[in-house]
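Colleague: Before I rely on any of these descriptions, I would like to hear the reasoning behind the terms. Please show me the structure first.

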Amino acid sequence: MEAHGGNLEATARRLGCRPSELLDASASLVPFRLPLSARWALLRADLRSYPDRRSQRLRTLLARLHQIEPDLLLPGNGAAELFTWAARDASQCGLSVLPQPGFADYGRGLRCWDGVMRCFSLPLQWDVAFPQALPDCGSGDVLWITNPHNPTGQLWSRASLEPLLERYRLVICDEAFLPLVPNGEAQSLIPLVAQHPNLVVIRSLTKLYGIAGVRLGYAVAQQPRLERWAAWRDPWPINAFASALAEAVLHDPRAYRLWCRRVQRWCAEEGQWLSHQLARLPGIQPLPSAANYLLIRGEHDGKPWSLQPLREALETRHRILLRDCRSFPGLGESWLRLGYQSRRGNRRIIRAMRMELSRQRR
Ligand SMILES: Cc1ncc(COP(=O)(O)O)c(C=O)c1O
């Protein structure tokens, strides 16, 4: 069973088709084409020279965007690389608390360093109104937060997160999806980093620009921690394509904000449309989400039923991939996660689901 969505090559091989024939709603990426300036930047990237090991230009652009000092920033080879270093610090602090169901990569990072962890089960029912208060996750030394949460799509309020900085020795907050959420930035913990040496915020360009193949994320934390991480890692983790692309999309703060606004409008409109359509399908219950993905639960007369036959039929008969949730602790075969597409793609998903559900009921 896959512990991550978006495995296009392997799935296409299994189904005997080309990756481009698949509609991938198992990963949650913005479906827009990259800005032209970014595509040009890729063509012009300097492939001959070693990249700048300090990523000075990129750090300066990110610092301007978030209105913080460049010393508080460290770009990484995707957020995933930075989780590995955050996990090294976490494993030295003590017990890590992981709200579940949650993103599997934090556990992968902790296992690299023999880190000890405890899972906290989040309630599987929540309100439609966002932001919400993160439930009390109990005692421990390190708290891993995902805001908005993956896979539930819940947006946590900054007001509920800030007091946790007094309770835990280290707080690691993954904001990979936050720029996609309408009004999400108001809940970011980035403005708290300068005052809190025990806070790490991790961001990613993967979802926002639909560039999972490029690998670019960044950590926001105080300088001694980031200098330690920089000394541990490979010498050139940010390749020339990643820095050229990131610099192109970030060099004009106004263009970045316009892009975010467009993405957030899409997220709100498609989320509303999809929830409405999904709720009309028999035996499907969509859960409220602030993010660009949502969970659905199979339910008949108040009892759960397996959505695996539906997921498999969508894959084999319609070339549509939804996220199998059996790898998330606490979720099982009656849960699927669906990443929003363009309206055309979303219509294709709903049409295929309607057809397969009526076939299964016959
Ligand atoms: C919550 C969350 N954080 C981070 C990532 C990884 O981001 P990146 O592609 O920058 O490694 C993912 C990818 O699925 C994710 O779901």
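**Terms set against values**

Modeller: Helix H4 (78–93) and helix H8 (206–209) each supply at least two residues of the shell around the ligand, and H4 gives the most, with 4 residues. This is a predicted model, in which local features need pLDDT of at least 70 and side-chain atom pairs count only at pLDDT 80 or more, while totals for chains, interfaces and linings use all residues. Residues are numbered from 1 along each chain as its sequence is written, and side-chain values use heavy atoms, with hydrogens and water left out.

Colleague: What makes a run of residues a helix or a strand here, and how many of each are there in the protein?

Modeller: Both are DSSP runs numbered from the N terminus, with H or I over at least four residues for a helix and E over at least two for a strand. By that rule the protein has 13 helices and 13 strands.

Colleague: Which residues of the shell are the closest to the ligand?

Modeller: The closest are Ala-79, Asp-174, Ser-204, Lys-207 and Arg-215, in a shell of 15 residues; a residue is near a molecule if one of its heavy atoms lies within 4 Å of it. The shell divides into 6 nonpolar, 6 polar and 3 charged residues, where Ala, Val, Leu, Ile, Met, Phe, Trp, Tyr, Cys and Pro count as nonpolar, Asp, Glu, Lys and Arg as charged, and the others, Gly among them, as polar.

Colleague: What makes the approach of Ser-204 to the ligand a polar contact?

Modeller: A side-chain N or O atom of Ser-204 is 2.6 Å from an oxygen atom of the ligand, and a polar contact is a pair of N or O atoms within 3.5 Å, so the pair qualifies. The side chain of Asn-150 likewise has an N or O atom 2.8 Å from a ligand oxygen, and for Ala-80 a backbone N or O atom lies 3.0 Å from a ligand oxygen. Taken alone the ligand exposes 400 Å², of which the protein buries 94%, with areas from the Shrake-Rupley method and a 1.4 Å probe.

Colleague: Why does the radius of gyration agree with that of a compact globule?

Modeller: The rule, 2.2 Å times the number of residues to the power 0.38, is set against a radius taken over C-alpha atoms. For 362 residues a compact globule would have a radius of gyration near 21 Å, and the protein has 20 Å, so the two agree. Along the principal axes, the C-alpha atoms fill a box of roughly 65 × 50 × 35 Å.

How values were computed: Polar contact = N/O pair within 3.5 Å; in protein donor to acceptor, adjacent residues only side chain to side chain.
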